Every structure is written in C-alpha cells, then in structure tokens.
Amino acid sequence: MKIDAITLREIHVRLRSSFETSFGKIWERRILLVEACSDGLSGWGEVTAGEGPFYNPETTDTSWSIFCGFVAPLAMAKNIEGPGDVPALLAPIRGHEMTKAAFENALWDIESQRRGAPLASLLGGTAREIACGVSLGIQTNPEALLSIIEKELAAGYQRIKIKIKPGKDLEFVAAVRKRFPTVRLMVDANSAYHLEEAAHLREFDAYDLMMIEQPLAWDDIFDHAKLQSQMRTAICLDESIHNASHARAAIELGACRIINIKLGRVGGHSEARRVQEICRQRSIPVWSGGMLETGIGRAHNIAMSSLPGFTLPGDVSASQRYWDEDIIEPEVEVTPKGTIVVPTIPGLGYSVRRKRIEHLTVRQQVFHAKNGEVSVEGAA
Ligand code: OSB
Ligand code: MG
C-alpha cells in the first residue's frame, strides 16, 4: 500500500445544540479530517480530539502540529502492507492516539474499497445492526432533562446516558428514575469525583443504573478498583483506557466491569480490536463511545460497533442530533427500534460530501510523495 498523498483539513461546524459535560460547554466544533490517497483510492479519517485539553491531553491544534510534524512524514517514509501495520509504524510517537487513529482509519477505508468488502466485515464485525443510546449533556434543571429524554425515547433510543458533576447528580438521576422507572439508564461523570466521595457515589446504587462511567481521575485505574469494591453499580472506564494493556490491567484489578471503547482514544481500529478481544475473553461487555463526531468519525464507529462483544447500546446516534447538515450522505439514521443498520457496501458505507467539506474548510495542508521525497503544500 503506497501512500501517494495525504490531506489534513480543519473544518468548523456548529452543533445544533450546546453540549455540557463536567469539564465545560461547547457549541462550535473545530474538527480535523484526514484524507489519504493510494492507487487512485481515497480514504477518510476524523481526529476526535476536543478543542481544549479537557477530555484528554490532545486538542485540535496539538493534533494539527503532531500530524504535520510527525505522522505525515513517518507515514510517507515507508511502504506498508496495509492499515494493520500503522500502529508499529507510528509507535515512535508516544501518545497522540486520536491523531494517529485518524490516519490509520483512513487507510482502513482504502483497504475496504480495495478489497471490495464492507469496512465492518473487514474488521471482523458480524452484527447487521447496532444498538443505539444517547448521551445527554448537563441541563439547567431536572425538568429540562425529562423533556429531552421523552423526545429521545420516542425516537426509539434504547438507553439514556446523562452527564453528571457534583451538585448536578443525584437529584437529576432520581427525577429520571421516578418518571421512567424501567428505562436503561447510566451516568457519565467525566472524572468529576474523588475516591474520598465514595459514600456519596454509593448513593447511585439506589437507582438501578447500568453503569457509572469514569467517576474518578482521567488517568487512574487503581482508585477505580477501590471504588468498584465499595459500590454495587458497575463502573465503566472511558478516559483511563488508551490501549489493550490498560484494559487488561483495569479488568484484572477489578477497576471496572464494562469498557467504553473510543476509536480515537485507543489509537484506531487495530488497537480497538485488541481491546475488544481482551474484553470478550474476560466476558467484559463493551460499547462504542462518541466524541460529537461528524459523519466520517461516526461511520468508523458504526463499523467498529459491529464487532462481537459490543453487546451494549453505544453513544452512536443519528447525524440529525448533532448537525443541521452532515458531511456524508446519506446521513446516519436511527430506526424506530433504536438501531443503526450497518452499511454493506465497501468503504465507509456512506459517501463523503467533498463540496460541503471544502466549504467548511478553514485550513489545509497536502503532503505529496514523489520519488521518495515528500513535498508539502498549503498554509499551516
Ligand atoms: O465522555 O463520552 C464522553 C463528548 C465529548 C467528550 C466526552 C464524551 C462525550 C459524549 C458525547 O458523551 C457522545 C456523543 O454523543 O458523541
Ligand atoms: Mg465518557
């Protein structure tokens, strides 16, 4: 697989409604897209980093810098067999998983077209549809949250996740449980609590939650194990799991009973499959998280979610919940029973709306490989 060119773009897109987590509120997204070209085929990946270093250390700007300075030059320096070789190729770059994932995933898109096989089956996926849930940002009051939940349940979504933080937690959960006694419900704290608050966190045990996601520090595993031993509700790790060895450590220490796999956070499809496999061998259910992606990142999440072991509804939902107009067509839609049908055509399974992407682009850089030399075009 010879890489002829790579284009890195930054697009600006506005969310249909603001999204608030324990680390802040956002409305406008600055997203990097990677397009790789090989043998006349083009493949796409999305960097899932946030605008600021609040979920993990990566940001749109650090990703731009690492991609241009290190990922693109390494990627074009050597001939690789296929996308499965990318983790080893990029291993000298420590961290920056989301930046590396965008490149590796673009090559999976190409590989899937080259082989004429749908991306999902190329990865080993078998599910024909995936189960969908929604992730709801922190609301001003429980009433506002209840009316949003009513709407999402009417649309068919199979489980509700609500964001929590100290002061905006039990009261909201209690209100939701009272109004919707049987709904599949979970909470996501995005690292807003400390082990010293274990007694407070134990109060969540009264609400029959599927799980509490990432209650403690973003880089912790050990304290989560201590907390899990003190509460009945299953802990699900998100931020703490960057690779398969973290997943193994967390499971063996008893730090979680469920893992949220995010394709960007673990560095791409290859590592996501390894995490999935480790969890499957140990009967730990997994599900796909989301990072407010455009259709390109979403299409990759859908393919990943078709792997065995993705037995719980994920945060992968319809394009319409995020954007007035997505950058793929058709847009991602959810069936009345709350599923997304996994595409069966080669590649991403959706076509990329190049004109729209060009319209949204604020900067781009193109890397060309010619006779073993890399030439660069565009403004940084
Ligand atoms: O923790 O899962 C998270 C969004 C941004 C950063 C972190 C998270 C989220 C979400 C949104 O929960 C999921 C989505 O709808 O894409
Ligand atoms: Mg989370």
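Biologist: What is the relative accessibility of serine 191?
Modeller: This is a predicted model, in which local features need pLDDT of at least 70 and side-chain atom pairs count only at pLDDT 80 or more, while totals for chains, interfaces and linings use all residues. Residues are numbered from 1 along each chain as its sequence is written, chains are lettered from A and ligands numbered from 1 in the order in which they are written, and side-chain values use heavy atoms, without hydrogens and water. Buried means under 20% relative accessible area, exposed over 50%, and partly exposed in between, with a 1.4 Å probe and protein chains only. Serine 191 counts as partly exposed because its relative accessibility is 23%.

Biologist: What is the phi of serine 191?
Modeller: Most residues other than glycine have a negative phi. Serine 191 lies in the loop between β7 (185-188) and α7 (198-202); helices (H or I, at least four residues) and strands (E, at least two) are DSSP runs, numbered from the N terminus. Its phi is positive, near 65°.

Biologist: Which serine has a positive phi of about 55°?
Modeller: Look in the loop between α10 (269-281) and β11 (286-288). The residue there counts as exposed because its relative accessibility is 63%. With a positive phi of about 55°, although not a glycine, this is serine 283.

Biologist: Which residues coordinate the magnesium ion (ligand 2)?
Modeller: Donors are N, O and S atoms within 2.8 Å of the metal (3.2 Å for Na, K and Ca), and since water is not among the atoms, sites may look incomplete. Here the donors follow the spacing D-x24-E-x24-D along the chain. At 2.2 to 2.3 Å, the ion is held by oxygens of Asp188 (OD), Glu213 (OE) and Asp238 (OD).

Biologist: How many residues apart in sequence are the parts that glutamate 213 and aspartate 238 tie together?
Modeller: Both counted as donors to the magnesium ion (ligand 2). Glutamate 213 lies in strand β8 (residues 212-213) and aspartate 238 in the loop between β9 (235-237) and α9 (244-253), so the pair joins parts whose separation in sequence is 25 residues.

Biologist: Which helix gives the most to the largest nonpolar core?
Modeller: A nonpolar core is a set of buried Ala, Val, Leu, Ile, Met, Phe, Trp, Tyr and Cys residues joined through side-chain atoms within 4.5 Å. The largest one has 85 residues, and Ile162, Phe204, Ile259 and Ile261 have the most contacts inside it. With 5 residues, the top contributor is helix α11 (residues 295-305).

Biologist: How many residues of α11 are buried?
Modeller: The buried residues of α11 include Gly295, Arg298, His300 and Ser305. This helix is mostly covered, and its buried count is 11 of 11.

Biologist: How much area do domain 1 and domain 2 bury between them?
Modeller: The bounds come from an automatic or database domain assignment, giving domain 1 (5-116 + 352-378) and domain 2 (121-351). Buried area is the accessible area (1.4 Å probe) that two parts lose on being put together, summed over both. With 62% of it on carbon and sulfur atoms, the total is about 3800 Å².

Biologist: How many disulfides does the structure hold?
Modeller: A disulfide is a pair of cysteine sulfur atoms within 2.5 Å. The sulfur of cysteine 256 is 7.1 Å from the closest cysteine sulfur, in cysteine 279, so that pair is too far for a bond. For cysteine 68, the closest cysteine sulfur is in cysteine 37 at 16 Å, also too far for a bond. The number of disulfides is 0.
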